[in-house]
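Trainee: I'd like to learn how to read side-chain features in a model. Can we go through one together?

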Amino acid sequence: NYVTTSILIGVLLYVFLLRISVHHVFALLISFSVLVSDLNVSVWPRISHFCIVLCLVALIIITFIKNNIYKFLVFTLLCLFNSYARPEFYLSFIALTFCTIICIVYNKKTIQRKDFLIISCVIILIGILHYIFRFPSNDFFGYNRGVAAFYQHYAWNYKLKTHGTFDAWLIWEDLAKSTFGDCNSMLCVIKTKPLIFINNTLFNVRTYLLQLLKVVSYVFPLAVFHGKKMQLLITAMVILSSFVLLIKKDSRENFIDKLFSYRFYLLILFLFAGPTFISCLVVFPRDHYLYLQMLFMILILVSLFSFIFQSIDIKPFVFIGFGILLFFATPNINKYNFLKVNTNTDKLCNKELIKHLERSYANKPHTIFTNLPFVTGMLPSNFKEVNTIFDKKKNKPFQHYADSANIDMIIVLPSIFRDPHIKSDSTWNNFITNYEKYGFRKDVFNDCETYLLVKKP
């Protein structure tokens, strides 16, 4: 649920920060800043929020555990659970499994019988999860998942570097095939075009360093301020303050001491976020990767800025007043930018589309023709889809799908007219020009650019 995960992250983060002895005012400020940040509100896909919620729950549980072996076991299980939501976390699971084994070997002289029983139970649970769910899926419609992500974002980088006007998300397969041939592994990509891979990675490094400026929104509620100039000024002031704290001897020593005291949490959160660091460099520094690194970044920022709050003694009524002030400073949801599929995103056209489909067409089965990703995942079970992005049989004309899949509904987005595979299809061009002759009617559900073509009864 969109609202639940967004708010839960703020609440659970506040609890976790208090559990690791962060000043209550600073903990509230950080939690509020994350709650109203663009990354929390606007990042898509929302599955990243679910993974962070599970991570925070595991971290809070760990704060009550003294045995490091048990701590590692809890977080190892967390990464395994998360890997069934985001497969890259299986790498985190493997890394934490090795750390757990090292910790067990290191503490083997102090391990008691009950410890062996608990460790055995966890091993059995891991075995059961693998037996039931197998390994996390690494398939993306015939592509290795990592390679598909690389190809998609290589097309995006190529567009940025060449100042192209094409739609990168629609031509990525064609561009990848012309550049890398039939490669379906990253090793093949690197061996085939090493210089292109290196150049693309360096471009990602530059972009990632710029994207890291967004971490300022974790310690200061930038979203409260509407002007871009004001947000940039505050960002610059926070960065300048960081340098000052690092230069001053007493604050620098405090920073190092705090890092040392949080060393266990920093280790497990680095391993948790490790796959996203790799993705940022090899694929692209997408916002959801940055958000999954949020907890690791926050611990570093807490270690640095906690020096400012050490000598602050705030009375309870002042703290309550501060909380009320933050509540009234919360921005309106309409201020944020969301996933851009339409040019008029501010009207929330995709949300209105889903509501309209649920309200008007949930009474019988429908097969939708669309280029909107995973649209049926947001709809009742009576909807099926033929998707122009994920269906690999691009040599088949629209009429083939219309007949074989019995398509009775088409979602017409502006981007569907930019898809080169559809634009070159004479059966589609004939249909879209003369849809009434094929027994379809136009359903305009609001003033958005998106509309429906629905087969008449």
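Trainee: Let's start with E88: is E88 buried or exposed?

Mentor: Buried means under 20% relative accessible area, exposed over 50%, and partly exposed in between, with a 1.4 Å probe and protein chains only. E88 comes out at 11% relative accessibility, so E88 counts as buried. Keep in mind that this is a predicted model, where local features need pLDDT of at least 70, side-chain atom pairs count only at pLDDT 80 or more, and totals for chains, interfaces and linings use all residues. Residues are numbered from 1 along each chain as its sequence is written, and side-chain values use heavy atoms, with hydrogens and water left out.

Trainee: Which residue does E88 meet in a salt bridge?

Mentor: A salt bridge is a side-chain nitrogen of Lys or Arg within 4 Å of a carboxyl oxygen of Asp or Glu. E88 pairs with R86, at 2.9 Å from N to O. R86 is buried too, at 5% relative accessibility. Through shared partners, salt bridges join R86, E88 and R145 into one network.

Trainee: How many salt bridges does a search of the whole structure find?

Mentor: Four. Among them is K214 with D287, whose closest N and O atoms are 2.7 Å apart. That pair links distant parts of the chain, 73 residues apart: K214 is in the loop between α11 (194–211) and α12 (228–247), and D287 is in helix α15 (residues 287–292). Those element names come from DSSP runs numbered from the N terminus: helices are H or I with at least four residues, strands are E with at least two. K214 is partly exposed at 31%, and D287 is partly exposed at 28%.

Trainee: Now the aromatics. What describes a pair of rings?

Mentor: The distance of the centres and the angle of the planes. Rings of Phe, Tyr and Trp (its six-membered ring) pair if their centres lie within 6.5 Å; planes under 30 degrees apart are stacked, over 60 edge-to-face, and the rest tilted. That rule gives 28 aromatic pairs here. One of them, F26 with F309, is stacked, at 4.4 Å centre to centre with 10° between the planes. F26 lies in helix α2 (residues 24–36) and F309 in helix α16 (residues 294–309), so the pair ties together parts 283 residues apart in sequence. Both rings belong to buried residues: F26 has a relative accessible area of 2%, F309 one of 13%.

Trainee: Why is the pair of Y154 and Y158 called tilted?

Mentor: Because the planes of Y154 and Y158 are at 35°, with ring centres 6.2 Å apart. An α-helix has 3.6 residues a turn, so residues three or four places apart point the same way. Y154 and Y158 fit that picture: both lie in helix α8 (residues 145–162), four residues apart, about one turn. Y154 is buried at 7%, while Y158 is partly exposed at 34%. Ring pairs also link them with F150, Y151, F166, F180 and F197 into a cluster.

Trainee: Back to α16. Where is its kink centred?

Mentor: The bend at a residue is the angle between axes fitted to the seven residues ending there and the seven starting there. In α16 the kink is about 35°, centred on S303. As for its surroundings, 13 of the 16 residues of α16 are buried, so the helix is largely enclosed by the rest of the structure.
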